[in-house]
Structure formats: C-alpha cells, structure tokens
Amino acid sequence: MRPFILFVAALVIAHPSPARADWMVSGYLGGAWTRPSTARLDQPAQHTSLEFIDLRYRGESSRPRRYYGYRVGWIPTSRRWMAIEAEHVHAKVFAETGDIGHVRGSLRGAPIDTSQRVSLIAEELSMSHGLNFIFGNFAIRREFGTELGANRRRVTAAVRVGAGPTIPHAESTVGGVHREQYEYGGFGTQAAGSIELAVWRGLHVLGEYKFTGTAARISVDGGEAVIPARSHHLVAGVAVHF
C-alpha cells in the first residue's frame, strides 16, 4: 500500500488546479467473508465425484498476502453522474477442511453419503495468494455536500456493478498430493456501494461495501474442484481525482 500512497501524493502535488477531475485512481485495504456453499471435487481417473455440502470458508484478510484492491476510473466531462472503471480485487478463500461435513457422491467408484471430516478426502482447498477478480465496472455517481469550487462538492456517493475473469492462485492437497498454480478460474461479478469524502485538493478517503460472486474452478491432482464463493467485503482507502 505504501507505493500507492506515494503515487497518490505525487499526483495531488502535480495537479493543484481545482478544475474538475476526469480520471480517478483508488486503492484500499479491507476484508472479505465468504458464505458457506456446496463445493465439488471431480477426479475422473479415480472415479471420484463428490459434493461437500455447506462447506465453510475463512478469509485471513489481515495476514500476508493481505486483502487489497485498486481501480482506475474515467468520468466523462459531460456526464459526471457516471464512470467507467477497471478494478483488481485480491481476496482470499480457505476451505475449512478440518470441519465435519456432509459428503455425498462417488469416492473411487463407491457411493458415499455421510458426515465426516472433509480433510480425510481433501486436506486443503484454498486460494491463498488471491482469488483475484479483474473487473470492468460501470458506476453511477452523485456529488453532494459543501461546494469546493469548479462545481465540485465535498461528498461523492457511488453504486457500481462489475464483471470479469478471476485468476486464483490455487493451493490444494487431495489424497496427499499437493498442487499450487495461478490459473483462469471462471467469471466473477460484483455489486458495490461507496462513499468518498474530499480531504485535500484531489485527495479523497473512501469506504465501500462489495458483494462478489463466482464459481471458482481450480485444478487438483487428477481433476478439478469448483468452489462457489459468494462474499461480503468491507474496505477503506484513498482515491485521487485529477
């Protein structure tokens, strides 16, 4: 985050004019909480096809590499109620494989429908260096509050929707075989709402709530796992308008 703050400061100093901004750059930290879901494990060569019902997850957002995000946006001068953005969100998802959960399907060709510790089958299913979302966003903006000059106001509220690919760094251990890799994980979406407060020249502070969704597909030994990740995010950071 420190390099981003230095970049923000340089932009603010380099653009002292009070003229209205057409571009914005934001960076933030925060956390994500992923709801339980039914994950799948498929290993065709081993005749294994399983569902882990209501598997729980943890985020470890404050641990290295911690949760972060950034985005760049363009605001049309004649339509300041909208913005077009590109955004990267680095969230994390760890399956609670130590839990006792309901497992059903076929395990090495034999039917199974029971409650047992998930780690007896899958010791690790995680996206620890990021369930990385790459979003293209459309935002609707509303400026209000104290006028700061050049038709700028103190507070900006925005709602945004976004969609794009996910690039997870998957880590798995299934049947004692460990794998980790970056890979294409499928399509992701988000809906979000934010508030920005102008504090100095083009510098703003921001707070935001997000809801993201994806069915991340990660490679495991001899097959793949699908982890439906529907997550709540709370973030705070800084933005510069120029």
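**Entry 1: the second largest cavity**

I looked up the second largest cavity and found that it holds about 40 Å³ of space. I was working with a predicted model. My search of the whole structure gave two cavities of 30 Å³ or more.

Which residues line the second largest cavity? I listed Met24, Arg141, Thr156, Ala158, Arg160, Ser194, Glu196 and His241. I then sorted this lining by class and noted two nonpolar, three polar and three charged residues.

I also asked which strands supply at least two residues of that lining. Strand S10 and strand S12 (186-200) each do. With three residues, S10 gives the most to the lining.

**Entry 2: the nonpolar surface patch**

Next I turned to the surface. I found a nonpolar patch there of about 820 Å². Its members are Trp23, Val72, Trp74, Trp81, Ile84, Phe138, Ile140, Val159 and Val161.

I checked where the patch residues come from. At least two are supplied by each of strand S5 (68-74), strand S9 (122-149) and strand S10 (152-174). I had already met S10 in the lining of the second largest cavity, where it supplies three residues.

**Entry 3: Val72**

I picked one member of the patch, Val72, and placed it in strand S5. Is Val72 buried, partly exposed or exposed? I read a relative accessible area of 37% for Val72. Buried would need under 20% and exposed over 50%, so I entered Val72 as partly exposed. The patch takes residues with over 30% relative accessible area, and the 37% of Val72 is the value I set beside that cut-off.

Definitions and conventions:
Residues numbered from 1 in each chain as written. Predicted model: local features only at pLDDT ≥ 70, side-chain atom pairs only at ≥ 80, totals over all residues. Heavy atoms only, no water. Patch = residues over 30% accessible without salt bridge, like charges linked within 9 Å, V, L, I, M, F, W, Y side chains within 5 Å. Areas by Shrake-Rupley, 256 points an atom, 1.4 Å probe, with all protein chains shown as cover. Salt bridge = Lys/Arg side-chain N within 4 Å of Asp/Glu carboxyl O. Helix = DSSP H or I, 4+ residues; strand = E, 2+ residues; numbered from the N terminus. Buried < 20%, exposed > 50% of the residue type's maximum accessible area, 1.4 Å probe, protein only. 1 Å grid on protein atoms, 1.4 Å probe; cavity = no way out; pocket = protein on both sides within 12 Å on 5 of 7 lines; lining within 4 Å. Points joined across faces, edges and corners; volume = space filled by probe spheres on them. Nonpolar A, V, L, I, M, F, W, Y, C, P; charged D, E, K, R; others polar.
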